[in-house]
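Q: Could you walk me through one salt-bridged part of this model, close up? I'd like the contacts and the burial of the side chains involved.

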Amino acid sequence: MTARPRLTVIGTGYLGATHAICMAVMGFEVLGVDVDTEKIRKLAAGEVPFFEPGLPELLAKALESGRLRFTADFAEAAAFGDVHFICVGTPQQADSEAADLRYVDAAVTALARHLDRRVLVVGKSTVPVGTAARLAALLHELAPAGDRIELAWNPEFLREGFAVDDTMKPDRLVFGVTSEWAEEQLRAAYQPVLAQDVPVKVTDLQTAELVKVAANSFLATKISYINAMAEVCEATGADVHDLAEALAYDERIGGKFLRPGLGFGGGCLPKDIRAFAHRAEELGVGQAVGFLREIDGINRRRRARTVDLVVELCGGDVAGKRVAALGAAFKPNSDDIRDAPALDVAATLHRMGADVIVYDPAALDNARRVHPELGYATSALDAARDADVVVLLTEWNEFREIEPSAMAAVVRRTRIVDGRHALVPAHWAAAGWDYRALGRPSVQGAVRS
């Protein structure tokens, strides 16, 4: 192989498109591959089909350089690439908590039939442990080059909203390999990243598969732990925000992800911890990660409790009340609404008879497609007009920066539920707002009649 291998990226969704664009910007010749020809068309025309800060500018740069192209032809991809990255989705199965591996299997099968020389296939998708060994056998069976094809696993650790930095300046790289040759090819494929002294952990395939789900499970546990403490605080009158700050001073614990609120969502943490627990049960070690079931339960209860706070502020019944829902995406700086707590809360309130008006800076189009029954606004103040209660559900900076008095001028009643602990209670109370947040004592303002 050359010192700078040619790369293909199979799957051009969030992970794949980001990886392809960033690797091209870093100087590699890259071919993006997808069976969705419309997605290919958009990317080739310079359009990123999802919201990610900084990525549209990098796509334009990569296309202008001539180093990035897209195709739906797996034969072309096999002829082009020296290292093939598998970046397709692994959603939760419709009738099970297990991961749906049909897209991974299809991608590997379609590529393998055209591999007639020694190349490296690299999985980046999040999969149950044991998948890599099965796919390696599939490659050897289907590829004309047989066992000259090697498989490695290189899990991704992208955070939506920070995907460019996480690709070009990651905090670590994990290489799951079965030979020195495979490690050498991965090092060549990541040479510009490694030149920044990014740590590399070289492991076997099984460990590399486990790293991603283990990391997500740990993060989910930390988030749900502080939300469990919020439940205790609500029962005792304590303040979970202050509790979290006090815990964060302990260097053994730290403050990252120790933030109480509505809980986690998106296309990774929820489905990954469920698939991990499911796989552990298949392996006969389900009791070792049984706590993940309760982690999932704590997270779901935060959504129901947020609805309860809105109902309480509305005097016990939201039927006929106008609710301004600020946020639809599962996190700020993203348009991803998969398993979004914000939309779950908004839809629940709608089913209870509330007139729910949603605003989100990036996710409105996606939200409309999934929840056409909700109302939508063009700004936060537009959503809040004549509202009986405002509920903050995604912690976008523009919501943090809202002037309480400006919003007070447009609502019917000055009542707010801060589902993300994003606001300063005293500022809102000073402007006459009744303030509620999960796990915090209520703060009374002068409620307008």
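A: D308 is partly exposed, with a relative accessibility of 36%; here buried means under 20% relative accessible area, exposed over 50%, and partly exposed in between (1.4 Å probe, protein chains only). Its side chain meets that of R305 in a salt bridge, at 3.9 Å from N to O. A salt bridge here is a side-chain nitrogen of Lys or Arg within 4 Å of a carboxyl oxygen of Asp or Glu. R305 and D308 are about one helical turn apart because they sit three residues from each other in helix α13 (residues 291–313). Helices are DSSP runs (H or I, at least four residues), numbered from the N terminus.

R305 also has a salt bridge with E312, where the closest N and O atoms are 2.9 Å apart. E312 is partly exposed too, at 45% relative accessibility. Zoom out a little and R305, D308 and E312 belong to a network of salt bridges that also links E231, E234, E294, R301 and R302.

A quick word on the ground rules: this is a predicted model, so local features need pLDDT of at least 70 and side-chain atom pairs count only at pLDDT 80 or more, while totals for chains, interfaces and linings use all residues. Residues are numbered from 1 along each chain as its sequence is written, and side-chain values use heavy atoms, with hydrogens and water left out.

By the salt-bridge rule, the count comes to 36. Another one joins the side chains of D166 and R159, at 2.9 Å from N to O. There, D166 is buried at 14% relative accessible area, whereas R159 is partly exposed at 42%.

Definitions and conventions: Helices (H or I, at least four residues) and strands (E, at least two) are DSSP runs, numbered from the N terminus.
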